[in-house]
Every structure is written in structure tokens, then in C-alpha cells.
Amino acid sequence: MLHYHSWTKDHGNTNGAWSWLSTVIGTTNQSLSVLDQTMPASATKQTNLAELKMVRAMAYFMLMDMYGNVPVDTTYGDFNPHPNLPRAQVVGFIENEVKKALPYLSRASGQSMYGRANKFTAYSLLAKLYLNSQYYTGTQRYNDAIVACDSVINSGLYSLEGRSSYLQMFYPNNGPQMKEFIFAIPYDPAAANLPGTNGFMYRARYDVPRSEAKKFSLPFTPSAPESTLPEFYANFSDPNDVRNGQWLTGPQFLNDGVTPVTVTTTKKGYDQFYTGSDGGASYTYQVTLTPQVLLRQDVASFDCGNDEIAWNMGYRNIKFYPDASSTSRNQNNDIPLFRYSDIILMKAEAILRGGTPTLGHTALSLVNQLRANRTTSAALTSIDLDGMFVERSREFAYETWHRNDMIRFGKYEGKWGFKTDADVNHRIFPIPTSAFTVNPALTQNPGY
């Protein structure tokens, strides 16, 4: 359903996102209320409250981005139904919340602020808000996006990771030492089952082929239902780009680079459509990931089949590298929400869309600044919006910004893979049935 854009208001993912973000907002409202009443007046109190308001603002940003017109509730204990507010009004609320928090947020970065919102988290969120303003509100604010990006750039606290460390940003041992991380969500598999902690990050379960548990020393067999489409992988066409290293493609080998990853099954187990009389005969093959994804079993249910051929379809992304130290399916890899490279590319895009250049930057110089830290290929001689979209696709693959980018660049209604849906209503998701049970004042989004 997610690929086809045929989700419904009861789809697990669209339902889960609304529920999770609503829970974050509600929990933050409670924490703000308790701390405001119990903490003595001090600079520390103001900073704590400001950081919590930033958490709530980020949750509202995600909710607004995915569901459009949403209710705004900032009072703990208020159980009155709240109707959806127009999206532009929600954008204004988020902007005001961030600006009110800014004076009290820390300018520090690194270990002391890791997983906490500082001033530059606030500027990063504002930059996202302003860059997407044309879509969200009908009013372009590219100059405001540039000012927000410059606030991060001029801090001098962040810099681009080089070619040798790009992939390390996403390893299980990533953390506050990463020069690009402005705001990241820390994950700890040991804390997965403790109240109020965060350990649910199991990329390896979904992305590593089930045949490669040994290669990555995983204590479980991956289910591996996720792969990429040839159309997206085509963005990784530069052989000198270190970002290619986030993909598993073609014939697979153990980590020595020599020993093939092999699977012994039967001829029928390898190919469920095998019609020979010796279908039960033993068959050993080297695992080879193929670029194409074919719906051999059933198109409607997006089913490639239940055999080895199906399980090796599509290239796999291991950007959030499998965590061999974990004894569960959860991983230690922290997930960056805002990286310095995004600041560089957001400013470049804002200039390209008509914003006024600052600090001697041009859209082209900024993109080449990034690329100098990603590839040994020659610098670009020109950049347009299509080129900017491709660069963002390479840089932020699997970092959850691609849907947001596709909408802003006018790509979301296009055809890719097996998806042909072009309904603009599907730029936002339906509000779940469960939300109407709690809040009957809601209005369902158009088209649902």
C-alpha cells in the first residue's frame, strides 16, 4: 500500500505515525506542565522548558508535514476536542514556538548537548519550515531559509565529514563525535524494554538479506522485506562517490571479500515456479542481488514470491550498518534528524529557487563544497533543480527526508516502480480512525 499510495485511514504505518507523534506531543505537554509548576525560577528552568518546546515543535512539524491540517493542543489536562487548524496556521504556531524557545537554548554542541535541542537545532527546523513554505502555505520564504542556514554556518560548530568518514556517521558507534550531527536521536538496544527509553531501531532486520546473517554476525535471521528500486539506485551513478558504499549489490561475499555467500536449498526452494520432476533435489547457489523487483507471486499484494529468487530481488541499503554487538534485533546506530550537509544543500536550494546569495556562496559552490567531501570526481560546472534533487537523493538516502523532497521538487505524483497513482491528495496521509475516537472534532483530509 505504501508503494502504490493506496493506504487507508486504518493502515498500520499511517496510523502508527499519528499515534506516536501525538504521544510525543502529549507527553511533552505533561512534562512542561510538571516542570513549570515544580522547578524554581532559574536560567536552567528556562532552558529545560525551551528544549522540551523544541521537541514538541519537531513533533508538530512531522505531524503537519504528513497530515496537513492538524489540531494544536499545548495544555496538559485539556481533554476538550480540538478541530484541525489550517496548515498555514500550524506552520505559524511552529515558527512562533521555535522563535520563543531560541533565546533560552544553549549554543553548545557535542557530548553535553547530544540528543538535546540547541539553538542550531532550532535554526535547522526553521530552515526546513521556510524551504517548504511555498508548499505548506503558498508563500515562498527562501531568504528566511538562507538566514536560518547562515545562523548554523556562522556558528563554526559544525563541518562536513570527509570521504573517509561519511559512512561512519551511520555506524553503530556513531554519536556526538560526528562533526555533522546537529540533532540526532540516540538509540540503545539495551534500553529497548525500559520505560521512557529508546531502543527500537532494527534496520538490519529489514534491509539485510536473510542469507547474510553470518556475514554481519547477526544473532537472528533478517526478514529483509525492504529493497530499493532501479529508478532510485540510478542516482548513484558516480563510481568515485563514497556514498555508493551504503548499498549491497550484485554477487555477495563474506567480509573477507573472497568467500562467496552461498545458500543450499532445493531447486523448488530456489524457484517456486520450477516445474521439473526433480524439484526436491539439492541446489547450492551464490547469493546475487538483482536490481529489478518483479511481482511474480501477486501484483495487488506486492508479492515477489516465497523463494530464494524473490528474497534476492532489489539492492539493499545498509547505511545504518548492522550492529553485530547487539543481542537483539535493535541497534546502537543513532539517527540524525538534522545534519550539516542538509544545511549546505538547503541553502543551495534556496538560492537556486530565487533567494539572495550570502557569504559569497552560490548554489553551485555549496553543492561542490559538499561533493568535494563525497567524491573524487570533478566538480560540477552547473546545477539546476533536477541536479539538486539527485544530490539530495544521494546524500540523504534512508534518512526519511525523501518524501518531503519529492513533494517540494514536484516528483511525488510521478510514476516509479509499480506505482502509477498521481492523486495530489496523497501528498498527505489520512487521519486514523482511532484519532476520531479520541477527538471527534477532527475533519478527515480530502480524498479519504
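**Exercises on helix 1, a pocket and some local features**

The buried residues of helix 1 are Thr14, Ala17, Trp18, Leu21, Val24, Ile25, Thr28, Asn29, Leu32 and Ser33. Keep that list handy; the model is a predicted one.

**Exercise 1.** Work out how the span of helix 1 sits against its expected value, and find what its buried residues pack against.

*Solution.*
- Step 1: count the residues; helix 1 has 27.
- Step 2: take the distance from the first C-alpha to the last, which is 38 Å.
- Step 3: set that beside the 39 Å expected at 1.5 Å a residue, and the two turn out close.
- Step 4: follow the buried residues of helix 1 outwards, and you'll find them packed against helix 2 and helix 15.

**Exercise 2.** Is Ser19 buried, partly exposed or exposed?

*Solution.*
- Step 1: place the residue; Ser19 belongs to helix 1.
- Step 2: read its relative accessible area, 38%.
- Step 3: the partly exposed class runs between 20% and 50%, so Ser19 goes there.
- Step 4: for a long-range check, pick Asp334, which is 315 residues away from Ser19 in sequence and 22 Å away in space, C-alpha to C-alpha.

**Exercise 3.** Describe the second largest pocket: its volume, its lining and the helices behind that lining.

*Solution.*
- Step 1: start with the space, about 640 Å³.
- Step 2: go to the lining, made of 24 residues, of which Ser22, Gly26, Asp73, Asp78 and Val438 are the closest to the pocket centre.
- Step 3: ask which elements give two or more residues to this lining; they are helix 1 (12–38), helix 2 (43–67) and helix 15 (433–438).
- Step 4: helix 1 supplies the largest share, 7 residues.
- Step 5: sort the lining by class, and you get 11 nonpolar, 11 polar and 2 charged residues.

**Exercise 4.** Why is the Tyr412 and Trp416 pair classed as it is?

*Solution.*
- Step 1: the count of aromatic pairs comes to 29.
- Step 2: for Tyr412 and Trp416, the ring centres are 6.5 Å apart and the planes meet at 50 degrees.
- Step 3: that angle is neither under 30 degrees nor over 60, so the pair is tilted.
- Step 4: check the surroundings; Tyr412 and Trp416 are buried.
- Step 5: elsewhere on the aromatic list, Phe232, Tyr233, Phe236, Trp247, Tyr315 and Tyr398 form one cluster.

**Exercise 5.** Find where Phe302 and Leu359 lie, and give their phi values and exposure.

*Solution.*
- Step 1: recall that most residues other than glycine have a negative phi.
- Step 2: Phe302 goes the other way, with a positive phi of about 60 degrees.
- Step 3: Phe302 sits in the loop between strand 6 (288–289) and helix 10 (308–311), and its 30% relative accessibility makes it partly exposed.
- Step 4: Leu359 also has a positive phi, about 55 degrees.
- Step 5: Leu359 is in the loop between helix 11 (340–352) and helix 12 (363–371), and at 47% relative accessible area it is partly exposed.

**Exercise 6.** Which residues does Glu95 contact, leaving aside its neighbours within four places in sequence?

*Solution.*
- Step 1: locate Glu95 in helix 3 (residues 87–101).
- Step 2: its relative accessible area is 10%, under the 20% cut-off, so Glu95 is buried.
- Step 3: with those sequence neighbours left out, Glu95 is in contact with Leu126, Leu129, Tyr130 and Arg141.

How values were computed:
Residues numbered from 1 in each chain as written. Predicted model: local features only at pLDDT ≥ 70, side-chain atom pairs only at ≥ 80, totals over all residues. Heavy atoms only, no water. 1 Å grid on protein atoms, 1.4 Å probe; cavity = no way out; pocket = protein on both sides within 12 Å on 5 of 7 lines; lining within 4 Å. Points joined across faces, edges and corners; volume = space filled by probe spheres on them. Helix = DSSP H or I, 4+ residues; strand = E, 2+ residues; numbered from the N terminus. Nonpolar A, V, L, I, M, F, W, Y, C, P; charged D, E, K, R; others polar. Expected span 1.5 Å × (residues − 1). Buried < 20%, exposed > 50% of the residue type's maximum accessible area, 1.4 Å probe, protein only. Contact = heavy atoms within 4.5 Å. Phe/Tyr/Trp six-rings, centres within 6.5 Å; stacked < 30°, edge-to-face > 60°.
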